[in-house]
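Here's a quick briefing to keep beside the viewer while you look around. It covers one strand and its partners, then one contact between chains.

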Amino acid sequence: MTAALALRGLVVGHGGAPVLHGVSFEVDEGSVVALVGGNGAGKTTLLRTVSGLLTPTAGTVHLHGRDLARVGVEDRVRAGLAQVPEGRGVITELTIEENLRLGGLWRGDPADLRAALAEMEELFEPLARRRTSLGHQLSGGERQMLAIARALVARPRVLLLDEPSLGLAPLVVAQIMRVLRELCDRTGLTVLLAEQNVAGALSVADRGVVLGLGEVVADRPAAALAQDETLRHAYLGF
Amino acid sequence: MNARRTLLLAAGGLVLAIGATFLLDPFRNYQLALVAAYLCATAGLTVLVGLSGQLSLGHAALMAAGGYGYALTVNALTGAGVDGVGRFLGGIVGAVVVSGVVGLLLGLAGARLHGPYLAGLTLTLVVAVPAVAASVPALQGDRGVRTAFDGVPAPLRSLIALEQWQAWVALAVAAVAVTGLVLLRDGRAGLRMRAVRDDEVAAALAGIAPARVKVLAFVASAVTAGLGGSVLVFVTQSVSPGAFPLGLSLLLLVAVVVGGLGSLLGAALGAVLVVLLPWLVGTVTDALPLPDAVVQRLDGTLASLVFGVLLIALVAGAPGGLAGALTAARARRRARRAAGGAGGRRRTRPSRGGAAAAPPTGDPSAPARPATPTPTPSTPREPVRTPTEG
Amino acid sequence: MDRLVFLLGTGVARGTVLALFALSLVLIWRATRIVNFAAGAMAVVGVYVGVAVTGATGSWWWGLVATVVAGGLLGFVVERGVLRFASARSPLSGVILAIGLVVVLQSLLGIVFGQEHEPVQPPFSDRPLQVGGVPLLSPYDLFVVVVALGLLGALRLLFVKTSLGLQLRAAAFEPEVSRLLGVRVARMRTVGWVLAASAASLAALLAVPNELGLNPHAADMLFVSAFTVAVVGGLDSPGGALLGGLTVGVVTSVVTGYLGATLAPVAVLGLLAAVLLLRPSGLFAQAEARRA
């Protein structure tokens with residue numbers, strides 16, 4: 001079986017020194033993989049490379065066996081890869097509904113878009129109540145729900161999440177994580193979740209990949225990873 | 001470089017240039033005087049844009065301010081019975097005061113405005129010059145103001161022609177203006193301007209008042225542009241709005257970008273181009289077997305076209321301008337020589353490609369500065385970014 | 001009093017044209033953070049094409065169509081061919097490139113058409129109509145108001161109600177996020193330039209009969225006024241463009257009527273300086289303007 005997402009030997013730099021030095025791992029279809037590691041480990045760089053915002057100097061990204069090297073950012077979305085960017089990326093000048101619609105416009109199917117919006121408003125109930133509010137009127141938790149819902153409107157097969165728990169109350173985080181897990185179990189969605197909140201991420205993930213200074217330090221089942229004392233102390237800080 | 005060396009160099013350069021006027025015929029000397037006049041303006045503009053990061057599209061208006069200041073003062077002095085050197089110097093003072101005041105007002109505005117807003121304000125100013133000239137009775141609208149004729153001083157009359165004398169005066173004024181700018185650039189004020197240009201907040205935290213620095217840059221630039229305007233009036237004995245159109249303003253900017261933003265050598269190259277290119281193009285079109293109507297249409301416009309194309313090509317391809325390209329070539333030669341001895345372990349930066357557009361260089365390209373051994377002329381201005389990682 | 005009413009009427013007509021032109025600047029500013037200093041020169045190219053087509057076909061309406069099409073084409077070429085070289089890091093590079101374009105376009109027009117002022121006849125009478133014994137608007141002014149307001153309304157509908165408009169807005173506000181959502185941002189930017197350049201060309205065509213005539217510099221003053229409008233209304237605010245346009249239109253009309261046409265540029269300069277120094281984000285901007 002081909003993996004939903006396969007990274008091989010990714011080397012990525014920001015102008016000068018590389019940030020990722022040959023990162024390889026796979027994400028199985030329908031699984032949730034937590035990508036954890038401290039500040040500066042390279043999590044955001046990795047996600048931005050997968051979504052195409054950064055170009056690797058070496059290595060490949062395969063989505064369901066298809067090499068993405070020559071596929072632009074906009075076309076990766078069309079290939080079934082969605083990203084919730086760092087800082088959520090809610091467009092604050094647009095209303096909630098406009099933000100949501102934006103996620104599915106490329107599909108060019110108004111009926112399907114309406115159906116997707118209805119699903120999302122069911123899934124994230126607070127959004128339905130504030131449909132015409134502008135993005136900047138939302139709380140942090142609502143923004144995160146909106147960002148995830150907007151990515152899901154595209155009906156992706158692989159979802160990349162960058163720090164969804166940042167700045168949110170633990171209760172809200174738990175709620176969001178639960179919704180994600182249910183979604184994966186129900187629809188077979190694949191999730192790659194970059195998190196500093198290691199405990200929270202590992203609690204919903206099937207597997208955990210630990211990134212340290214641009215290299216994969218560990219890659220094993222989430223439960224095993226949460227047990228590993230030395231790794232926890234050295235890289236995860238809890 | 002220390003101030004005394006700058007002054008000695010300037011004096012030496014001026015003597016050389018004055019000596020060179022003996023080799024030129026009257027028409028060439030007239031062109032040289034024009035080059036000197038435009039050099040005042042381009043030098044001021046390149047310091048403003050390159051050093052302090054403020055963009056002015058209105059330097060023709062500042063030249064006009066200087067020109068009118070000169071003309072009105074000279075006429076007033078003529079009325080009071082003053083003539084000769086005293087009258088000329090009085091006119092210069094008038095030019096400095098008027099252009100300095102306009103520059104101060106613009107500088108105060110510029111200190112509060114971001115790039116495109118300031119550019120728009122200065123553009124509006126230059127478009128409004130004819131209207132201002134028409135609305136103030138003393139400026140006499142489109143007809144403009146005529147000034148008394150300054151001939152060659154009596155002791156020199158048998159030696160040099162009028163054009164040569166005018167070239168001398170123009171060169172002297174330009175030498176003063178450029179020397180002033182060099183001193184400003186190399187002094188503490190120049191350092192502060194670069195700091196403000198690169199990062200206003202950081203400069204403010206280091207105890208620099210960004211607003212004051214920006215205003216100073218604008219005033220200095222305006223005064224030199226005003227001096228350029230007064231030289232033009234001195235040479236042509238008249239000043240009118242038609243001499244300072246929007247096109248001239250844009251051409252000055254084109255000249256400093258083509259020469260290389262922030263570089264005084266580039267400003268000089270630009271000033272030469274502003275005068276010589278239309279003349280060269282005119283010579284070529286005159287020589288070609290074209291109908292008169294066509295030649296008339298090409299007059300001026302073809303040269304501007306060349307300028308515009310050059311500007312776009314340079315911003316897209318060589319952000320350092322002509323002066324930058326010269327320095328880069330020199331540095332490459334030096335690097336090759338040095339590499340022979342040092343085993344070639346020299347790290348060169350990747351070229352910054354087409355996307356980088358004319359960021360003001362730290363100006364290592366000034367003509368008189370001792371050579372620095374860096375292999376590339378411009379250092380990237382953006383701070384080194386570490387990947388943000390949540 | 002009659003005179004004031006008349007001046008207000010012409011001011012409103014001029015103001016709507018200015019608003020249309022200013023909207024072009026606002027669109028490009030929002031999409032690319034560049035003030036298109038070449039807007040005037042580009043618009044004049046469109047007007048020359050339109051006037052040539054009118055001359056060839058004898059129909060002012062075909063000229064209007066040609067102006068809009070030529071303006072849009074030029075917008076496409078300029079965005080794809082020139083302004084993509086503008087550096088995102090240096091806000092000056094966009095202005096400098098646009099200035100290069102102005103110089104190129106104006107000298108090309110000078111070479112092809114010469115510098116003479118060529119009078120352009122309006123398609124309708126420009127004699128003011130009498131309303132209750134008071135001269136008010138001319139039929140042409142009325143036509144201008146209707147076309148300009150209609151177009152402003154149509155553009156508003158496009159931006160607010162259609163999915164293309166939603167993508168245009170999103171691409172302008174957050175290009176990177178928009179790309180992650182599958183919006184083809186580069187294409188949106190081009191569409192924005194084409195729309196903006198068409199609108200500016202049309203505005204210039206509407207304004208030319210009331211000016212001295214057509215020459216390569218015919219839109220210099222129009223551009224300066226429109227820039228002032230955009231600043232008065234807020235460069236980020238399309239709604240502000242209309243209010244700003246009416247303000248500047250009425251001010252210039254009243255100044256022209258009572259103090260003479262030569263003073264109009266001074267009035268515009270004064271208004272611009274006052275607004276920039278007192279409220280740089282614009283009189284009618286709802287949100288605080290983003291930093292340039």
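**Strand 3 and the B–C contact**

Strand 3 of chain A runs parallel to strand 9 (residues 207-212) of chain A, and 4 bridges join the two. Keep in mind that this is a predicted model.

**Strand 3 of chain A: pairing**

- In the pairing with strand 9 of chain A, V33(A) sits opposite R207(A).
- Strand 3 of chain A also pairs with strand 8 (residues 190-195) of chain A, again in parallel, this time through 5 bridges.
- Over in strand 8 of chain A, the residue standing opposite V33(A) is L192(A).

**Strand 3 of chain A: burial**

- Strand 3 of chain A (residues 32-36) is largely enclosed by the rest of the structure, because 5 of its 5 residues are buried.
- Both of its faces are covered, with V32(A), A34(A) and V36(A) buried on one side, and V33(A) and L35(A) buried on the other.

**Where chain B meets chain C**

- Chain B puts 45 residues into this contact and chain C puts in 43 residues.
- On the chain B side, helix 5 (115-127), helix 6 (129-135), helix 11 (246-259), helix 13 (292-298) and helix 14 (301-317) each chip in at least two residues.
- Helix 14 of chain B gives the largest share of that side, with 11 residues.
- Sorted by class, the side of chain B that touches chain C has 33 nonpolar, 9 polar and 3 charged residues.

Technical notes
Residues are numbered from 1 along each chain as its sequence is written. Chains are lettered from A and ligands numbered from 1 in the order in which they are written. This is a predicted model: local features need pLDDT of at least 70, side-chain atom pairs count only at pLDDT 80 or more; totals for chains, interfaces and linings use all residues. Two residues are in contact if their C-beta atoms, placed from the backbone, lie within 7 Å. Ala, Val, Leu, Ile, Met, Phe, Trp, Tyr, Cys and Pro count as nonpolar, Asp, Glu, Lys and Arg as charged, and the others, Gly among them, as polar. A residue is buried if 20 or more other C-beta atoms lie within 10 Å of its own, exposed if 12 or fewer, and partly exposed in between; C-beta atoms are placed from the backbone. Two strands pair if DSSP finds at least two bridges between them.
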